[in-house]
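Open the structure in your viewer and keep the selection tool at hand. We will take a short walk through it, one stop at a time.

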Amino acid sequence: MSQPAERGAGQNLCVDLQWQCEQLPEYPGPEHIQSWVVAALANDMCAGELTVRIVDVDEMQQANHNWREKDNPTNVLSFPASFPEEAGINYLGDILICADVLTRESAEQNKSLTAHWAHIVVHGVLHLQGYDHIDEQEALQMERREIEVLEGLGFENPYEII
């Protein structure tokens, strides 16, 4: 389901939210996911589109195997889009999120499920904006931005050990 979100000054963002697994009541609703996406894009105030696809373990494991050659499911994968500027297409990319992995991780890390979902959505969106954590400096920069966005949404630092 595509949902436009007004971002101020006429800057619209369309989030295509796709549930490819059972949508359980404890999972966040579309309005939450949309608000987390918008918050993560606050410094990138352009109109555009992106897809957030919520998947099961099998689909995530297959995607992780195909794209990263890792034979296990992961919590999130981001696929930034790249079109020539003259094409006039502002598609930011795709984010895959594995609901089952998030549920397991939140229990293992003693975090609320909602807070963990918010963190992973923000994390995925930041990857679409070019943030990464391949080296230590990049990781620190990305973590600082995640903490800033999440605190603005009312969530605690996801990197603090409980």
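Select Glu69 as a starting point: with a relative accessibility of 71%, this residue counts as exposed, since the cut-off for exposed is over 50%. Keep in mind as you look that this is a predicted model. Glu69 sits in the loop that links α2 and β4. Its phi is near 55°, which is a positive value in a residue other than glycine. As background, most residues other than glycine have a negative phi.

Stay in that loop and select Thr74, which also belongs to the stretch between α2 (57-68) and β4 (76-80). Is Thr74 buried or exposed? Thr74 counts as buried because its relative accessibility is 15%, and the limit for buried is under 20%. Now show what surrounds Thr74: leaving out residues up to four places away in sequence, it touches Met60, Asn64, Arg68, Cys98 and Val101. You can also draw a distance from Thr74 to Ala63; they are 11 residues apart along the chain, and their C-alpha atoms are separated by 9.3 Å.

For another positive phi, jump to the loop between α3 and α4 and select Asn110. Its phi is about 55°, although Asn110 is not a glycine. With a relative accessible area of 56%, Asn110 is exposed.

Next, zoom out and colour by secondary structure. How many helices and strands does the protein have? There are 5 helices and 5 strands. Following the sequence, they come in the order β-β-α-β-α-β-β-α-α-α. The protein has 162 residues, and 41% of them count as buried. If you display contacts between residues at least 6 apart in sequence, 59% of them join residues at least 24 apart.

Time to go inside. In soluble globular proteins, nonpolar side chains tend to be buried together. Here, the largest nonpolar core holds 34 residues; select Ile33, Val37, Leu50, Val52, Ile54, Ile97 and Trp117, the members that touch the most others. To see where this core comes from, highlight β2 (12-19), α1 (30-40), β3 (48-55), β5 (91-98), α3 (99-108), α4 (113-128) and α5 (136-152), each of which gives two or more residues. Which element gives the largest share of this core? That is α4, with 9 residues.

Centre the view on Ile97. Setting aside neighbours within four places in sequence, Ile97 is in contact with Val52, Arg53, Ile54, Val55, Met60, Asn75, Val76, Leu102, Trp117, Ile120 and Val121. Apart from the largest core lies another one of 7 residues, including Val55, Leu77, Leu96 and Cys98.

For the last stop, show α1 and α4 together. Two packed helices are described by the angle between their axes and the distance between the axes. For α1 and α4, the angle is about 45° and the axes are 9 Å apart. The two helices are therefore oblique to each other, and α1 passes α4 in a right-handed crossing. To display the contact, select Ile33, Trp36, Val37 and Ala40 on α1, then Thr114, Trp117, Ala118, Val121, Val122, Val125 and Leu126 on α4. What classes of residue make up this contact? Colour the selection by class and you will find 10 nonpolar residues, 1 polar residue and no charged ones.

Methods: Residues numbered from 1 in each chain as written. Predicted model: local features only at pLDDT ≥ 70, side-chain atom pairs only at ≥ 80, totals over all residues. Heavy atoms only, no water. Core = buried A, V, L, I, M, F, W, Y, C linked by side-chain atoms within 4.5 Å. Buried < 20%, exposed > 50% of the residue type's maximum accessible area, 1.4 Å probe, protein only. Helix = DSSP H or I, 4+ residues; strand = E, 2+ residues; numbered from the N terminus. Contact = heavy atoms within 4.5 Å. Axes fitted to C-alpha atoms, helices over the stretch in contact; angles between N-to-C directions. Parallel < 35°, antiparallel > 145°, perpendicular 65-115°, else oblique. Left-handed = near helix turned anticlockwise from the far one by under 90°. Nonpolar A, V, L, I, M, F, W, Y, C, P; charged D, E, K, R; others polar.
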